[in-house]
Amino acid sequence: GGAEATGRLISYEELIDLGCMKDTNSCENAPAWASQTSYWTGSAGDSGLPWYILNGEFNNDLYFNEILFGLRPVIELNESVIEK
C-alpha cells in the first residue's frame, strides 16, 4: 500500500546536514548538486521568509523573483519499487 513515490522540497535541516552554514550564509561545503544552482527550499526562517540557495549562498528572503529561483524537488521512492 501507499504511494510508490512522493515529491517535496528540500528542508533547511537537510541542507545543514549537507554542509550549508547559517552563520556564514554559505553552502560552500555542500555538494555541487545542492549548492550551485538557484532554488527555493521547503523551509522558512524565523521571520517566516523562505530559505533559498543562490549559487552557493544560503539565506532567506521574500518570494519575489521567480526568474532567479526555481524549485528542486526531492523525490522519495517507496523501497518496494527499487529492484534489489
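Begin by selecting E14, which is partly exposed, with a relative accessible area of 26%. The model on screen is predicted, and the tour moves from this residue through its charged partners, then to the core, and finally to a patch on the surface.

**Stop 1: the charged network**

Keep E14 selected and add R8. The two side chains form a salt bridge, in which the closest N and O atoms are 2.6 Å apart. R8 has a relative accessibility of 29% and therefore counts as partly exposed as well, since that class lies between 20% and 50%.

Next, add E76. Its side chain meets that of R8 in a second salt bridge, with an N to O distance of 3.0 Å. This pair links distant parts of the chain: R8 belongs to strand β1 (residues 5-9) and E76 to strand β6, with their positions 68 residues apart in the count. E76 is likewise partly exposed, at 36% relative accessible area.

With R8, E14 and E76 displayed together, the network of salt bridges that links them is in view. The structure has two salt bridges in total. In general, side chains of opposite charge can pair when their charged atoms come close.

**Stop 2: the nonpolar core**

Now select I10, Y12, L15, C20, C27, A30, A34, Y39, W51, I53 and F58. These 11 residues make up the largest nonpolar core. Two elements, α1 (12-18) and β3 (50-54), each give two or more residues to this core.

Centre the view on L15. Leaving aside residues up to four places away in sequence, L15 touches I10, C20, A34, Y39, T41, I53 and F58.

**Stop 3: the disulfide**

Within the core selection, isolate C20 and C27. Which bond joins C20 and C27? The two residues form a disulfide, with their sulfur atoms 1.9 Å apart. A disulfide is a covalent bond between the sulfur atoms of two cysteines. A dihedral display about the S-S bond should give 110 degrees, and the link between C20 and C27 is right-handed. Both C20 and C27 are buried. A search of the whole structure finds one disulfide.

**Stop 4: a nonpolar surface patch**

Finally, turn to the surface and select I75, L77, V81 and I82. Together they make a nonpolar surface patch of about 360 Å². I82 lies in the segment after β6 (73-77). Is I82 buried or partly exposed? At 45% relative accessibility, I82 counts as partly exposed, because exposed residues are those over 50%.

Notes. Residues numbered from 1 in each chain as written. Predicted model: local features only at pLDDT ≥ 70, side-chain atom pairs only at ≥ 80, totals over all residues. Heavy atoms only, no water. Core = buried A, V, L, I, M, F, W, Y, C linked by side-chain atoms within 4.5 Å. Buried < 20%, exposed > 50% of the residue type's maximum accessible area, 1.4 Å probe, protein only. Helix = DSSP H or I, 4+ residues; strand = E, 2+ residues; numbered from the N terminus. Contact = heavy atoms within 4.5 Å. Disulfide = S-S within 2.5 Å. Patch = residues over 30% accessible without salt bridge, like charges linked within 9 Å, V, L, I, M, F, W, Y side chains within 5 Å. Areas by Shrake-Rupley, 256 points an atom, 1.4 Å probe, with all protein chains shown as cover. Salt bridge = Lys/Arg side-chain N within 4 Å of Asp/Glu carboxyl O.
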